[in-house]
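Visitor: I should be grateful for a close look at one helix of this protein, with the terms explained as they arise. Could you then lead me on from that helix to other parts of the chain?

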Amino acid sequence: MTPEQVETASNVDLTSQELWDKIAADFRFGVENLPLPQDQAQVGRADRDAARAYLAKTLLYQAYVQDENHQVTSIDSDKLEEVVSLVDDIEENGHYGLVNDYAENFLWEFENNRESVFEIQRSREDGSPDGRGSWGVALNTPMAGGFGCCGFHVPTDNFVNAFKTGADGLPLFDTFNDANYDASSDMVDPRLDHTVGMEDKPFKYDEDLIIEDGDAWARNPATYGNFVSMKELEHPDCECRMQNGPFTVTSKNTILVRYADVLLWKAEALIELNREDEALPIINRIRQRAAGSTGRLGNNFSIYNIGTYSDFADQDEARQALRWERRLELGLEGHRFFDLVRWGVAKETLDAYLEVEQTRKEYLTDAEFTAGKHEYMPIPQQQINLSGGAYQQNPGY
């Protein structure tokens with residue numbers, strides 16, 4: 001676009017589906033022109049399978065056709081079929097795959113591993129004033145343990161409870177949140193201890209770094225609780241660490257697309273195509289990897305019990321399993337809210353969450369979610385002004 005075109009362009013010239021088509025076209029160009037991953041000489045550069053993955057993700061989102069109030073009105077089966085085909089192509093190429101231990105996705109020394117389809121390359125001591133580190137999570141480190149500041153991105157009770165399992169090793173879909181997790185008696189999916197740091201458990205797989213006093217690690221624990229989000233953090237002794245005043249960042253890369261995510265896109269598409277029997281082994285494969293990822297977790301800190309699904313009674317049961325699996329496998333990696341909006345269930349899910357959490361956390365007393373509004377943030381008023389009124393505000397604001 002020329003500068004003159006930019007100044008007169010509106011944010012509503014194209015429909016939602018037309019905008020998705022534009023995004024998909026960019027990734028189709030990448031599929032046609034980028035080298036295969038085994039031929040991409042520069043680490044961190046996009047390759048053909050990364051483009052295929054992003055195209056699959058785009059089409060998966062686009063397949064849930066929504067009205068102006070962000071309610072799903074139909075699901076485009078043709079786009080879902082292409083999602084399956086694209087992931088099939090990635091699988092057939094064989095360059096990407098699941099690492100054996102779930103932990104390796106969240107440790108600095110394993111960055112750019114075979115599960116990472118695309119990640120932001122971070123660095124330190126590179127000639128820049130503060131290094132090109134993980135500044136997006138600089139406020140998330142605990143208030144103690146040798147970190148500094150500031151205890152943001154706190155996992156919720158609801159999220160922790162979601163990892164509880166029954167005697168069969170499967171999620172407690174209906175009762176998981178009836179009571180808060182008790183490490184002395186509740187069985188859990190091992191991914192809990194890769195994802196959430198908590199009292200009397202080791203931080204980042206170090207049994208010499210036990211969170212002995214959870215309240216001392218937390219920012220205002222009486223208000224927010226004392227859980228710690230761990231995936232984006234590294235051990236305080238990591239050579240990847242950088243410090244700017246009280247703020248801690250690292251040079252660990254930020255993974256945007258993991259192969260596990262790609263596989264779950266395929267499973268989701270298959271379920272929505274009424275091919276849930278084909279999705280079953282994909283979901284079980286993810287769970288089996290989790291079951292084998294306890295080697296770094298230490299002893300006697302949790303009661304691990306995770307099983308696989310023998311079958312799905314129908315599409316609804318498969319859909320529930322898939323959506324739960326995405327929550328656990330990708331927990332705190334930044335996908336959950338966008339999943340809820342894509343599926344058109346943000347309102348009902350957040351209302352159910354708040355109904356219980358408002359009794360546990362006083363600061364949530366006035367929290368609410370308005371359907372048709374809160375799925376998207378408002379257009380900044382400054383941008384509307386700069387556009388001369390060409391931009392239109394999002395609904396509800």
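Guide: A residue is called buried under 20% relative accessible area, exposed over 50%, and partly exposed in between (1.4 Å probe, protein chains only). Helices (H or I, at least four residues) and strands (E, at least two) are DSSP runs, numbered from the N terminus. This is a predicted model, in which local features need pLDDT of at least 70 and side-chain atom pairs pLDDT 80 or more, while totals for chains, interfaces and linings use all residues. Residues are numbered from 1 along each chain as its sequence is written, and side-chain values use heavy atoms, without hydrogens and water.

The helix I propose is H3, which comprises residues 48–63. Of the 16 residues of H3, 15 are buried, so this helix is largely enclosed by the rest of the structure. From its first C-alpha to its last, H3 reaches 22 Å, close to the 22 Å expected at 1.5 Å a residue (1.5 Å times one less than the number of residues). Its N-terminal end is capped by Asp-47. A side-chain oxygen of Asp-47 lies 3.0 Å from the backbone nitrogen of Asp-49. This is a polar contact: a pair of N or O atoms within 3.5 Å, one able to donate a hydrogen and the other to accept it, where residues adjacent in sequence count only if both atoms are side-chain atoms.

Before H3 comes a loop that follows helix H2 (16–33), and Asp-39 has its place there. While H3 is largely enclosed, Asp-39 is exposed, with a relative accessible area of 54%. Between Asp-39 and Gln-315 there are 40 Å from C-alpha to C-alpha, and the two are 276 residues apart in sequence.

Which helix packs against H3 at an angle of about 35°? It is H9 (residues 259–272), and the axes of the two helices are 11 Å apart. Axes are lines fitted to C-alpha atoms over the stretch in contact, with angles from 0 to 180 degrees between N-to-C directions. On the side of H3, the contact is made by Ala-53, Ala-56, Lys-57 and Leu-60; on the side of H9, by Val-262, Trp-265 and Glu-268. Contact here means heavy atoms within 4.5 Å. H3 passes H9 in a left-handed crossing, that is, the near helix is turned anticlockwise from the far one by less than a right angle, whereas clockwise would be right-handed.

Lys-57 leads us onward, for His-335 is in contact with Lys-57. Setting aside neighbours within four places in sequence, His-335 is also in contact with Leu-256, Asp-261, Arg-326 and Leu-330. His-335 itself lies in the loop between H11 and H12 and is buried, with a relative accessible area of 12%.

The two helices joined by that loop are H11 (residues 315–329) and H12 (residues 336–343). They pack at an angle of about 160°, with their axes 10 Å apart. That makes H11 roughly antiparallel to H12 (over 145 degrees; under 35 is roughly parallel, 65 to 115 roughly perpendicular, and the rest oblique). The crossing of H11 past H12 is right-handed. From H11, Leu-322, Arg-323, Arg-326 and Arg-327 take part, and they meet Arg-336, Asp-339, Arg-342 and Trp-343 of H12. Arg-326 thus appears in this meeting of helices and among the contacts of His-335.

Returning to H9, we find Asn-274 in the loop that runs from H9 to helix H10 (276–291). At 54% relative accessibility, Asn-274 counts as exposed. Its phi is near 65°, a positive value in a residue other than glycine. Asp-200 also has a positive phi, of about 70°, although it is not a glycine. Asp-200 is placed in the loop between strand E5 (196–197) and strand E6 (202–203), and at 48% relative accessibility it counts as partly exposed.

A last stop is Asn-161, which is found in helix H5 (residues 157–161). Is Asn-161 buried or exposed? It is buried, with a relative accessible area of 1%. Its side chain reaches the backbone nitrogen of Tyr-181 at 2.8 Å. Not counting residues up to four places away in sequence, Asn-161 touches several residues, among them Phe-176, Ala-179 and Arg-360. In the loop between strand E3 (116–120) and H5 lies Cys-150, and the peptide bond from Cys-149 to Cys-150 is cis, with omega near 15°.
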